[in-house]
Amino acid sequence: MAIESFKKELRKKASKEKAIILARFFKTGPGQYGQGDKFLGVTVPDIRSTIKEFIDLELNDLQKLLNSVYHEERLSALLILVVKYSRADTRGQKKICKFYLKNTKKINNWDLVDLTAEKIVGPYLKNKNKDVLFKLVQSKNLWERRIAILSTFHYIKKGDCELTLKISENLLQDKHDLIHKAVGWMLREVGKRCGEEKEEKFLKKYYRQMPRTMLRYAIEKFEENKRLNYLKNKI
């Protein structure tokens with residue numbers, strides 16, 4: 001079976017030493033955001049090189065990979081989905097995005113989200129109702145909330161930052177550090193790609209109520225005096 005061949009090829013790139021490092025890096029200890037996740041010890045470049053020969057895996061096989069306890073197998077499935085989406089017709093893209101959103105519970109670490117949401121959910125929702133993103137924003141699941149904000153990166157790169165600002169506004173009171181970082185990062189990208197004045201208009205309205213980490217990420221590229229003034233509430 002192709003899926004078994006894929007798993008065999010992936011394990012050829014595995015390293016016990018890297019598995020230990022990755023488990024620590026992705027916070028898999030008790031009470032941490034990646035608690036219980038398991039690693040084979042395969043790097044992202046090696047995953048990308050391995051999936052090249054397995055892009056034709058069917059969705060039922062990708063479902064099996066997404067159900068895996070191993071982080072790299074879930075990431076492999078998602079990266080294959082990204083390639084499939086880029087090659088699919090409109091009907092195929094709808095099927096892939098629906099499959100992706102059905103499996104959000106399996107997209108359960110920041111790299112799994114960040115490498116895929118903007119390349120599947122973002123483009124699929126172009127010229128469509130965005131209610132699904134605002135539903136994800138309200139989720140108790142950390143990763144679904146991150147999918148919501150990261151999906152908007154697709155639009156930022158096209159010079160359209162309004163959806164990012166709306167989603168960011170809905171996440172201002174989020175309690176999780178990984179959401180603070182994601183929103184701050186996207187706001188920084190708004191400034192970079194849509195104009196610093198666009199970002200500042202949002203910041204001037206909300207920066208006093210922002211979590212500190214979110215603000216720090218958002219203003220990271222500002223000129224030093226301006227950055228310090230935001231941090232000292234002198235804007």
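How many nonpolar, polar and charged residues does the lining of the second largest pocket have? By class, that lining has 3 nonpolar, 1 polar and 5 charged residues. The model is predicted. This briefing covers its two largest pockets, one of about 220 Å³ and the next of about 160 Å³.

**Largest pocket**

- The volume of the largest pocket is about 220 Å³.
- Its lining is made up of E162, L165, K166, E169, K198, K201, F202, K205 and Y206.
- Two elements, α12 (162-170) and α14 (196-206), each give two or more residues to this lining.
- The top contributor is α14, with 5 residues.
- By class, the lining of the largest pocket splits into 3 nonpolar and 6 charged residues, with no polar ones.

**Second largest pocket**

- The second largest pocket holds about 160 Å³ of space.
- D56, L57, E58, L59, K84, R87, G92, K95 and I96 form its lining.
- The elements α5 (71-87) and α6 (90-102) each supply two or more of these lining residues.
- Helix α6 accounts for the largest share, 3 residues.

**Chemistry of the linings**

- Charged residues number 6 in the lining of the largest pocket and 5 in that of the second largest.
- Nonpolar residues number 3 in the lining of the largest pocket, and the second largest also has 3.
- Polar residues are absent from the lining of the largest pocket, while the second largest has 1.

Technical notes. Residues numbered from 1 in each chain as written. Predicted model: local features only at pLDDT ≥ 70, side-chain atom pairs only at ≥ 80, totals over all residues. Heavy atoms only, no water. 1 Å grid on protein atoms, 1.4 Å probe; cavity = no way out; pocket = protein on both sides within 12 Å on 5 of 7 lines; lining within 4 Å. Points joined across faces, edges and corners; volume = space filled by probe spheres on them. Helix = DSSP H or I, 4+ residues; strand = E, 2+ residues; numbered from the N terminus. Nonpolar A, V, L, I, M, F, W, Y, C, P; charged D, E, K, R; others polar.
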